[in-house]
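Please look through the structure below from one chain to the other. The paragraphs that follow take up the sheets, the helices and the contact between chains.

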2 protein chains.
Amino acid sequence: MAKNEFDLIAHYFERQAVDRRDVNLAIGDDCALLTVPEGCQLAVSTDSLVAGTHFLADADPALVAHKALAANLSDLAAMGATPAWVSLALTMPEPDETWLKGFCQGFFALAEYYNVQLIGGDTTKGPLSITLTVQGFVPQGQALTRSGASNGDWVYVTGNLGDSAAGLALILGERHLSSEALTQTLTLRHYQAQPRVLAGQALRGIASAALDISDGVMSDLGHILSRSGLGAVLDVDKLPLSDELLAFEPDEIKARQMALTSGEEYELCFTVPEANRGAVETALAHTGVKACCIGQLHAGSGIALQSNGQPLDWQLHGYDHFAE
Amino acid sequence: MAKNEFDLIAHYFERQAVDRRDVNLAIGDDCALLTVPEGCQLAVSTDSLVAGTHFLADADPALVAHKALAANLSDLAAMGATPAWVSLALTMPEPDETWLKGFCQGFFALAEYYNVQLIGGDTTKGPLSITLTVQGFVPQGQALTRSGASNGDWVYVTGNLGDSAAGLALILGERHLSSEALTQTLTLRHYQAQPRVLAGQALRGIASAALDISDGVMSDLGHILSRSGLGAVLDVDKLPLSDELLAFEPDEIKARQMALTSGEEYELCFTVPEANRGAVETALAHTGVKACCIGQLHAGSGIALQSNGQPLDWQLHGYDHFAE
């Protein structure tokens with residue numbers, strides 16, 4: 001019976017190395033039973049990745065697993081939360097042992113890195129998709145939200161921007177590069193983004209607002225602005241670009257436009273009051289993550305772009321995953 | 001852009017009446033922020049319902065929503081937990097306002113009944129499916145698990161068994177009844193099962209083990225037996241059957257076989273030590289849920305069936321949702 005085959009799938013997910021003391025009962029009962037540390041709030045986020053919408057059905061399952069979990073961990077990072085648990089709902093057309101092995105490898109590699117325990121889920125028959133719910137802890141009242149920014153705060157981003165969009169263009173075959181190494185690097189930048197978990201925690205008490213870049217910094221910063229009732233000016237010359245992006249797109253204007261709209265970057269975008277600017281670099285030093293200031297908030301609304309102090313009227317198109 | 005249309009969907013889910021004090025930040029940020037009551041463990045369960053596997057794509061969306069949430073709340077009930085929060089991942093081919101309105105109506109009606117707050121989720125483009133993660137609280141150490149049963153404990157079930165399978169046969173057109181009223185009643189028994197939330201809480205400290213009947217009592221009781229290292233004898237004459245089931249299937253042997261294998265019943269199956277038998281009825285009195293004893297555990301393994309003290313050799317086929 002098909003049902004039993006899918007029950008068997010569940011056994012793939014029982015082989016995990018993480019064994020947290022706050023997981024009192026894990027996979028195998030009607031519910032998981034968990035204990036939240038005293039003085040902490042629980043942070044919870046859910047993300048779905050659907051074949052054909054968020055990844056190609058023939059993509060390497062280890063990379064798909066990484067991307068799914070990284071996207072979710074990135075939401076915890078954006079709140080300054082420490083990851084703890086994850087639930088996995090996996091829907092697939094037929095039990096496919098090879099695919100499952102690859103998926104588990106990618107999934108557990110990242111989960112173990114962050115000491116995240118799989119606490120349960122569901123395996124069902126249907127079109128390929130993955131839904132994860134991650135949970136983490138944040139000390140009471142210290143979460144980084146989208147609504148805490150103030151007039152005059154500075155806008156920062158971690159890492160580089162634009163590589164994910166370049167990788168996606170290569171995956172979709174919209175662009176070809178003669179360099180295989182560069183193709184490989186940018187492809188992995190798309191699939192293997194590193195959630196900025198340590199950076200998010202380090203920014204508690206320093207950043208006034210934060211989120212992760214999933215739809216492009218222009219679009220995502222807009223969420224902070226609307227929640228905080230502010231506008232922003234971004235200096236496009238300050239956008240952090242990788243050497244690989246500039247090799248992919250030597251036209252620097254186009255490269256900067258890609259950086260503004262590239263989604264699924266999973267870098268953090270955060271705002272910092274003037275008084276805390278000096279603390280950013282120190283706080284991030286131990287995380288190995290760089291951050292750079294790309295603009296400032298003001299009392300208006302919307303996002304204005306400038307270069308060398310002159311306004312720009314760039315027309316930008318949003319990032320839309322695989323959908324058109 | 002398709003992405004933005006799906007962002008708009010999210011607004012449907014912001015209109016909810018439930019506003020819990022333990023939800024510190026709900027929909028609209030990177031994560032929800034939540035507070036678990038002191039002295040409680042968190043109980044978490046995830047279920048996916050996929051169109052074509054667990055429901056027909058043209059089914060009434062309010063019923064689909066009820067079924068999805070009820071299935072998940074039933075897992076909390078089986079642990080004796082009090083429901084609190086739910087995350088919803090909804091994947092649909094195109095934004096469909098009529099379907100969404102119906103879905104929200106069914107979803108929020110049940111959520112409000114149990115004071116469950118929607119805390120977040122994801123809306124994505126793809127084949128129709130629903131994944132829910134529900135969370136609830138249970139006083140530290142008091143959860144009902146599958147592994148607590150002992151030799152000699154009695155086996156109980158709540159409500160009646162078999163109606164869900166009868167309803168499913170009618171929905172799939174495998175059977176037709178001349179009575180429209182009976183067809184309607186049994187169809188709703190399939191779609192609108194009531195999770196036994198209050199009964200589960202009332203059984204804390206009385207039942208030694210519990211689970212909810214999702215795959216048929218034969219199959220599900222097997223989980224308690226394997227976790228507890230025991231066998232069971234069930235008296236088929238004691239299976240609780242509704243008048244509607246006997247009208248659907250007048251052959252009483254066939255009706256009792258349906259009761260043993262009918263899945264998605266969302267009744268509780270639980271075990272009770274001899275010393276606690278007297279407390280069951282009292283504990284359940286205020287919940288409006290009946291329970292009846294259908295057998296007893298023994299030191300062996302597997303499930304034996306009997307009638308009038310004589311063993312039966314019924315060959316039963318498992319319940320397999322819509323899959324074959």
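Across which strands does helix α2 (residues 61-79) of chain B lie? In this predicted model, helix α2 of chain B lies across β1 and β2 (32-34) of chain A together with β3, β4 (82-92) and β6 of chain B. Helix α2 of chain B runs at about 30° to β6(B). Lying across is judged by contact, meaning heavy atoms within 4.5 Å. Axes are lines fitted to C-alpha atoms, for helices over the stretch in contact, and angles run from 0 to 180 degrees between N-to-C directions. Helices (H or I, at least four residues) and strands (E, at least two) are DSSP runs, numbered from the N terminus.

Residues are numbered from 1 along each chain as its sequence is written, while chains are lettered from A and ligands numbered from 1 in the order in which they are written. Because the model is predicted, local features need pLDDT of at least 70 and side-chain atom pairs count only at pLDDT 80 or more, whereas totals for chains, interfaces and linings use all residues; side-chain values use heavy atoms, with hydrogens and water left out.

The strands under helix α2 of chain B belong to a sheet built from both chains. This open sheet has 6 strands in the order β1(A)-β2(A)-β3(B)-β6(B)-β4(B)-β5(B), and its pairing is mixed. Two strands pair if DSSP finds at least two bridges between them. At the edges are β1 (23-25) of chain A and β5 (117-125) of chain B, each of which pairs on one side only. From one strand to the next, the twist averages 20°. Inside the sheet, β3(B) and strand β6 (residues 129-139) of chain B are antiparallel and share 11 bridges. One residue to find here is V50(B), whose bridge partner in β6(B) is S129(B). Helix α3 (residues 97-113) of chain B lies across β4, β5 and β6 of chain B, at about 165° to β4(B).

Strands also pair between the chains the other way round. Strand β3 (residues 40-50) of chain A is joined by 3 bridges to strand β2 (residues 32-34) of chain B, and the two run antiparallel. In this pairing A43(A) stands opposite L33(B).

Now take the contact between the chains as a whole. It involves 60 residues of chain B and 59 residues of chain A. The two chains bury about 4,500 Å² between them, 54% of it on carbon and sulfur atoms. Buried area is the accessible area (1.4 Å probe) that two parts lose on being put together, summed over both. There are 4 salt bridges between chain B and chain A, a salt bridge being a side-chain nitrogen of Lys or Arg within 4 Å of a carboxyl oxygen of Asp or Glu. In one salt bridge, the side chains of D29(A) and R146(B) meet at 3.7 Å, N to O. On the chain B side, strand β3 (residues 40-50) gives the most, with 9 residues.

Chain B has another sheet. Its 7 strands form an open sheet in the order β8-β10-β7-β11-β9-β12-β13, with mixed pairing. β8 (209-212) and β13 (310-312) of chain B each have a single partner strand, so one side of each is left without a neighbour in the sheet. Neighbouring strands are turned by 30° against each other on average, direction ignored. Strand β11 (residues 291-298) of chain B runs antiparallel to strand β7 (residues 154-158) of chain B, with 5 bridges, and strand β9 (residues 231-235) of chain B is joined to β11(B) by 4 bridges, also antiparallel. In β11(B), T158(B) has A291(B) as its bridge partner, and A232(B) has L297(B).

Over all chains, the structure holds 22 salt bridges. One of them joins the side chains of E264(A) and K67(A) at 3.3 Å, N to O. E264(A) lies in the loop between α9 (252-261) and β10 (268-272) of chain A and K67(A) in helix α2 (residues 61-79) of chain A, so the pair ties together parts that are 197 residues apart in sequence.
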